[in-house]
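Work through the exercises below with the coordinates open. Each task is followed by a solution in steps.

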Amino acid sequence: MAHTETPTPTPLASSVQYCVCKVELSVSGQNLLDRDVTSKSDPFCVVFLEINGKWSEIGRTETAVNNLNPVFAKKFVVDYHFEEVQKLKFALFDEDKSSKQLYEHDFLGEFSCTLGVIVSSKKMTRPLLLTNGKPAGKGTILISAQEISDNRVITLSMAGRKLDKKDLFGKSDPYLEFYKQEEDAKWMLVHRTEVIKNTLDPIWKPFSMPLVSLCDGHVDKNIKVGIDFTASNGNPRDASSLHYINSMESNEYLAAIWAVGQIIQDYDSDKMFPALGFGAQLPPDWKVSHEFAINFNPTNPFCSGVEGIVEAYTACLPLIRFYGPTNFSPIINHVAKFASQATQQEAAAQYFILLIITDGVISDMDETRHAVVQAANLPMSIIIVGVGNADFAAMEFLDGDNRVLRSYTGEEATRDIVQFVPFREFRNAPKETLAKSVLAELPQQVVQYFKQRNLPPVNSDSA
């Protein structure tokens, strides 16, 4: 077990200084391994920060003599950069000698996670692991986080690109087909576009396809939009920002809002969209909000069509300060409150869709996983559109296509309700190509929910 033992200052450089706060970490342990023969272990905890792929020690606690359930008095104060992935390792040792060299002491177990996860959880208890990945007996570590400053934060993202070349002597001859899943689980074609010859950038003739074409029944669809205003997106006055304020052309978020919004607005019942932002400081007191109306009207956050969302987004952009961290769980839980009220319906009448546009950085992964698992029991789906060129591994993890999503409690999602779409892969593609990806799983998710609960479709007369 190799550890870099260079006690270094904890601050990491950040270009957005107001997006940093001080966090005090407290550590305690329970049921630690007993490594001593004639007495109990004498544990101490060492905290490491990952810098450039290597672990660097930032501090260690005092030694708790003869104690398997230590509560360490030593606190660790670190700079929390909301939009950076700051990975920490907490390693516990049984002090055998007065040496500062860790290999001179018996190893009791360790736990690794990001600082963002700790701050989002505020208090967390996790099992300790040995270097081989096996449990360190029944040992657990309790970590508490207290923000020394008064900063609070939250987050969001989308993406797209060109078609593959499939022909040997030419380009592709692309066309699109849309299917819906029938009650017998078979797929039925509901629309096919014309074929565009010899091109990787086809533009098909416009067509509209209401959601009723994709799923049975007349379901009242309620689409809510969440936009990521965290600092990882860059200063909106900087040309490199995904939210760049430029009257001459659209930024990445505007492009995504227009492209995806024009797709989903046909499937919203009244085309009135509650549009919320997260992860920004709001005037006049500059407190961070995880769910604020981008039209600054909390009692009526609705925007009329995609045009209304764009108008509200453009107006609020210069009035707010980008901040962090990027927390998805508050906005998911916000929509889940409305969806839970629809669980008493006696027919397939209401379904909620949350569209999140984000740059892919996420701070509260544990809480988000838990929120998604809980939302899977509600008439609700989540479409995440990732913008920019970030690593979207976290988004793909939430999209449980290849595995069952589990909460940190171990509870499994009863169904897959997340669809992730990297906007960069469709940036220059036709609207229909993006539409197929955005709507790929939604019909099945809607049908699956109501079939699981044996709720019949609402007929045309009562819709």
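The exercises go from the whole chain to strands, helices and single residues of this predicted model.

**Exercise 1. Confidence and overall composition**

Task: State what the mean pLDDT of the chain is, and how many helices and strands the chain has.

Solution.
Step 1. The mean pLDDT is 80, and 81% of the residues reach 70 or more.
Step 2. Look next at the low-confidence stretches. Over residues 209-218 the pLDDT is below 50, although this stretch has 36 contacts in the model beyond near neighbours in sequence. Residues 459-463 also stay under 50, and for them the model has four contacts beyond four places in sequence.
Step 3. Eight helices and 20 strands are assigned in the chain.
Step 4. Of the 463 residues, 53% are buried. The accessible surface comes to about 21,400 Å², with 50% of it belonging to carbon and sulfur atoms.

**Exercise 2. Strand β19 and its neighbours**

Task: Decide whether the residues of strand β19 are buried or exposed, and find which strands pair with β19.

Solution.
Step 1. In a regular strand, side chains alternate between the two faces of the sheet. Take the two faces of β19 separately: M380, I382, I384 and G386 lie on one side, S381, I383 and V385 on the other, and all are buried.
Step 2. Seven of the seven residues of β19 (residues 380-386) are therefore buried, and the strand is largely enclosed by the rest of the structure.
Step 3. Strand β18 (residues 350-358) pairs with β19 in the parallel sense over seven bridges. I356 has I384 as its bridge partner in β19.
Step 4. Strand β20 (residues 418-422) is also parallel to β19, paired over five bridges. Here I383 has Q419 of β20 as its bridge partner.
Step 5. Check the handedness of the connections. The crossover from β19 through helix α6 (residues 393-398) to β20 is a right-handed β-α-β crossover. β18, α5 and β19 likewise form a right-handed β-α-β unit.

**Exercise 3. Helix α5 and residue Q374**

Task: Find how many residues of helix α5 are buried, and describe the surroundings of Q374.

Solution.
Step 1. The buried residues of α5 are M365, D366, E367, T368, R369, A371, V372, V373 and A375.
Step 2. That is nine of the eleven residues of the helix (residues 365-375), so α5 is largely enclosed by the rest of the structure.
Step 3. Q374 is found in α5. Its relative accessibility is 32%, so Q374 counts as partly exposed; the class runs from the 20% limit for buried to the 50% limit for exposed.
Step 4. The side chain of Q374 makes a polar contact of 2.8 Å with the side chain of E411. The C-alpha atom of Q374 is 7.2 Å from that of A413, a residue 39 places away along the chain.

**Exercise 4. Strand β12**

Task: Identify which strands are joined to β12 and in which sense, parallel or antiparallel.

Solution.
Step 1. Strand β11 (residues 220-228) runs parallel to β12, joined by four bridges. G226 stands opposite L276.
Step 2. Strand β16 (residues 302-304) runs antiparallel to β12 over three bridges, with P274 opposite F302.
Step 3. Strand β15 (residues 292-293) pairs with β12 in the antiparallel sense over two bridges; L276 stands opposite A293 of β15.
Step 4. Six of the seven residues of β12 (residues 272-278) are buried, so this strand is largely enclosed by the rest of the structure.

**Exercise 5. A three-stranded sheet and its loop**

Task: Give the order of strands in the open sheet that holds β13, then examine the loop between β13 and β14.

Solution.
Step 1. The order is β14-β13-β17, with antiparallel pairing. β14 (287-289) and β17 (321-322) are at the edges with a single partner strand each, so one side of each has no neighbour in the sheet.
Step 2. β13 (residues 280-282) and β17 share two bridges, and A280 stands opposite F322.
Step 3. Most residues other than glycine have a negative phi, and most peptide bonds are trans. Check the loop against this. The peptide bond from P283 to P284 is cis, with omega near 5°, and P284 is in the loop between β13 and β14.
Step 4. W286 lies in that loop too, and its phi is positive, near 60°. At 27% relative accessibility, W286 counts as partly exposed.

Key: Residues numbered from 1 in each chain as written. Heavy atoms only, no water. Buried < 20%, exposed > 50% of the residue type's maximum accessible area, 1.4 Å probe, protein only. Pairing = 2+ DSSP bridges. pLDDT = per-residue confidence, 0-100. Contact = heavy atoms within 4.5 Å. Right-handed = clockwise from strand over helix to strand, strands pointing away. Areas by Shrake-Rupley, 256 points an atom, 1.4 Å probe, with all protein chains shown as cover. Polar contact = N/O pair within 3.5 Å; in protein donor to acceptor, adjacent residues only side chain to side chain.
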